[in-house]
Amino acid sequence: MDDSIDIAAFRDLLLARERTLIDEEMSGEDSAGTVELDQTRLGRLSRMDAMQAQQMAKASSRRRQLERGRIAAALRRIDEGEFGYCLSCGELIPAQRLTIDPAVPQCVGCASRSEA
Ligand SMILES: [Zn+2]
């Protein structure tokens, strides 16, 4: 082993994060579920509130799905021995960056280039 990163620790972090997202999804089930828009009982404004809340719940649910996808991909890279390497240039991603977000798929350089 050289100065390589602690894969087991990152796997634990990823699994814990995935667990949290699943828990959030479970507990958010009610608000993300179909809001009954009873037009006879709700006024126009509260109906808009309900729809807005529903949109927000959907948006955060989508965000969780995206993050779970990133985490699943990172766990797959761990299994394949590719974890820690930038998907774009193949350079080792600094452990410091992985500590902030273990699911990050690119080095700083490539990430900022693909954002531009
Ligand atoms: Zn890169």
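**Exercise 1. Burial and overall make-up**

Task: Determine what percentage of the 116 residues of the protein count as buried, and state how many helices and strands there are.

Solution. In this predicted model, 9% of the 116 residues count as buried. The protein contains five helices and zero strands. Read along the sequence, the pattern is therefore written with helix symbols, α-α-α-α-α. As a further step, consider the contacts with a separation of 6 or more: residues 24 or more positions apart account for 55% of them.

**Exercise 2. The span of helix α3**

Task: Compare the reach of α3 from its first C-alpha to its last with the expected value.

Solution. Helix α3 covers residues 44-79 and has 36 residues. The expected span, at 1.5 Å a residue, is 52 Å. The model gives a reach of 52 Å, close to that expectation. Just after α3, Gly81 takes a positive phi of about 75°.

**Exercise 3. The packing of α1 and α3**

Task: Describe how helix α1 and helix α3 are arranged, and state which residues make the contact.

Solution. Two packed helices are described by the angle between their axes and the distance between the axes.

Step 1. The axes of α1 (residues 7-27) and α3 come within 10 Å and cross at roughly 155°.

Step 2. Angles over 145 degrees count as roughly antiparallel, so α1 is roughly antiparallel to α3.

Step 3. The crossing of α1 past α3 is left-handed.

Step 4. From α1, the contact is made by Ile7, Arg11, Leu14, Arg17, Glu18, Leu21, Glu24 and Glu25. From α3, it is made by Ser61, Arg64, Glu67, Arg68, Ile71, Ala74, Leu75 and Ile78.

Step 5. These contact residues divide into seven nonpolar, one polar and eight charged.

**Exercise 4. Two partly exposed residues**

Task: For Ser61 and Tyr85, give the location and explain why each is classed as partly exposed.

Solution. Ser61 lies in helix α3. A residue is buried with 20 or more other C-beta atoms within 10 Å and exposed with 12 or fewer. Ser61 has 16 and is therefore partly exposed. The C-alpha atoms of Ser61 and Glu25 are 6.8 Å apart, although the two residues are 36 positions apart along the chain.

Tyr85 is found in the loop between α3 and α4 (95-100). With 16 other C-beta atoms within 10 Å, Tyr85 is therefore partly exposed. Beyond residues up to four places away in sequence, Tyr85 touches Gly90, Glu91, Leu92 and Ile93. The C-alpha atoms of Tyr85 and Pro105 are 7.7 Å apart, with these positions 20 residues apart in sequence numbering.

Key:
Residues numbered from 1 in each chain as written. Predicted model: local features only at pLDDT ≥ 70, side-chain atom pairs only at ≥ 80, totals over all residues. Axes fitted to C-alpha atoms, helices over the stretch in contact; angles between N-to-C directions. Helix = DSSP H or I, 4+ residues; strand = E, 2+ residues; numbered from the N terminus. Parallel < 35°, antiparallel > 145°, perpendicular 65-115°, else oblique. Left-handed = near helix turned anticlockwise from the far one by under 90°. Contact = placed C-beta atoms within 7 Å. Nonpolar A, V, L, I, M, F, W, Y, C, P; charged D, E, K, R; others polar. Expected span 1.5 Å × (residues − 1).
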